[in-house]
Amino acid sequence: MDKTYRTHDYRIFSGSSIGGLLVIHALHSRPHLFQAHLAFSPAVWWGARTTVQEAKNSYPKQNTLITIYI
């Protein structure tokens, strides 16, 4: 993508509903890909809340500001 389009070094990943859940998943599984994560009204009820539980366990290990709007 960087070769085809003009991009910046600061990467932001955002989404709402199921997209917000994907943002949370990306934050705890591959935190190095984006410098900011915005999850608006994430579908935390989906998948028996496993993504949220896994994310909660990984947050203390990360040195980042985390805000989730529900």
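Is Ser41 buried, partly exposed or exposed? Ser41 has a relative accessibility of 45%, so it counts as partly exposed. The legends below go through the predicted model view by view.

**Figure 1. Overall view of the predicted model.** The protein has two helices and three strands. Their order from the N terminus is β-α-β-α-β. Of the 70 residues, 30% are buried. The accessible surface comes to about 5400 Å², and 56% of that belongs to carbon and sulfur atoms. Contacts between residues at least 6 apart in sequence were sorted by separation: 59% of them join residues at least 24 apart.

**Figure 2. Confidence along the chain, by pLDDT.** The mean pLDDT of the protein is 80. A value of 70 or more is reached by 80% of the residues. Among the elements, strand 1 has the highest mean, 92. Strand 3, residues 68-69, has the lowest, 59. Where pLDDT is low, the predicted coordinates should not be read in detail.

**Figure 3. Two serines with positive phi, Ser17 and Ser41.** Ser17 is found in strand 1. Its phi is about 60 degrees, positive although Ser17 is not a glycine. Ser17 counts as partly exposed because its relative accessibility is 38%. Ser41 has its place in strand 2. Phi of Ser41 is near 45 degrees, again a positive value in a residue other than glycine. Ser41 is also partly exposed, at 45% relative accessibility.

**Figure 4. The aromatic pair of Phe13 and Phe34.** The count for the model comes to one aromatic pair. Phe13 and Phe34 form this pair, and it is stacked. The ring centres are 4.7 Å apart, with 15 degrees between the planes. Phe13 lies in strand 1, residues 12-17, whereas Phe34 lies in the loop between helix 1 and strand 2, so the pair ties together parts that are 21 residues apart in sequence. Phe34 has a relative accessibility of 22% and therefore counts as partly exposed.

**Figure 5. Surroundings of Val23 in helix 1.** Helix 1 spans residues 18-29 and includes Val23. Val23 counts as buried because its relative accessibility is 1%. Leaving aside residues up to four places away in sequence, Val23 touches Phe13, Ser14, Gly15, His37, Leu38 and Ala39. Phe13, one of these contacts, belongs to strand 1. Leu38, another, belongs to strand 2. Val23 and Phe34 are 11 residues apart in sequence. Their C-alpha atoms are 9.9 Å apart in space.

**Figure 6. His37, a buried residue of strand 2.** The relative accessible area of His37 is 16%, so the residue is buried. His37 touches Phe13, Val23, Ala26, Leu27 and Pro31, again without residues up to four places away in sequence. Among these contacts is Val23, which is itself buried. Phe13 is also touched by His37, and Phe13 is the stacking partner of Phe34.

**Figure 7. A nonpolar surface patch around Leu38.** Tyr10, Ile12, Leu38 and Phe40 make the patch. Its area is about 400 Å². Leu38 lies in strand 2, residues 36-42. With 35% relative accessibility, Leu38 counts as partly exposed. Leu38 is also touched by Val23, a buried residue of helix 1.

**Figure 8. The salt bridge between Asp2 and Arg11.** Side chains of opposite charge can pair when their charged atoms come close. The count for the model comes to one salt bridge. It joins Asp2 to Arg11, and the closest N and O atoms are 2.9 Å apart. Asp2 is partly exposed because its relative accessible area is 46%. Arg11 has 26% relative accessibility and so counts as partly exposed too.

**Figure 9. Trp45 in the loop between strand 2 and helix 2.** Helix 2 covers residues 50-58. Trp45 has a relative accessible area of 57%, so the residue is exposed. Trp45 and Ile18 are 27 residues apart along the chain. Their C-alpha atoms are separated by 10.0 Å.

Conventions
Residues are numbered from 1 along each chain as its sequence is written. Side-chain values use heavy atoms; hydrogens and water are left out. Patches are made of residues with over 30% relative accessible area and no salt bridge: like charges are joined within 9 Å, nonpolar side chains (Val, Leu, Ile, Met, Phe, Trp, Tyr) within 5 Å. Accessible areas come from the Shrake-Rupley method with a 1.4 Å probe; for residues, only the protein chains shown count as cover. A salt bridge is a side-chain nitrogen of Lys or Arg within 4 Å of a carboxyl oxygen of Asp or Glu. Helices (H or I, at least four residues) and strands (E, at least two) are DSSP runs, numbered from the N terminus. Buried means under 20% relative accessible area, exposed over 50%, partly exposed in between (1.4 Å probe, protein chains only). Contact means heavy atoms within 4.5 Å. Rings of Phe, Tyr and Trp (its six-membered ring) pair if their centres lie within 6.5 Å; planes under 30 degrees apart count as stacked, over 60 as edge-to-face and the rest as tilted. pLDDT is the predictor's confidence in each residue, from 0 to 100.
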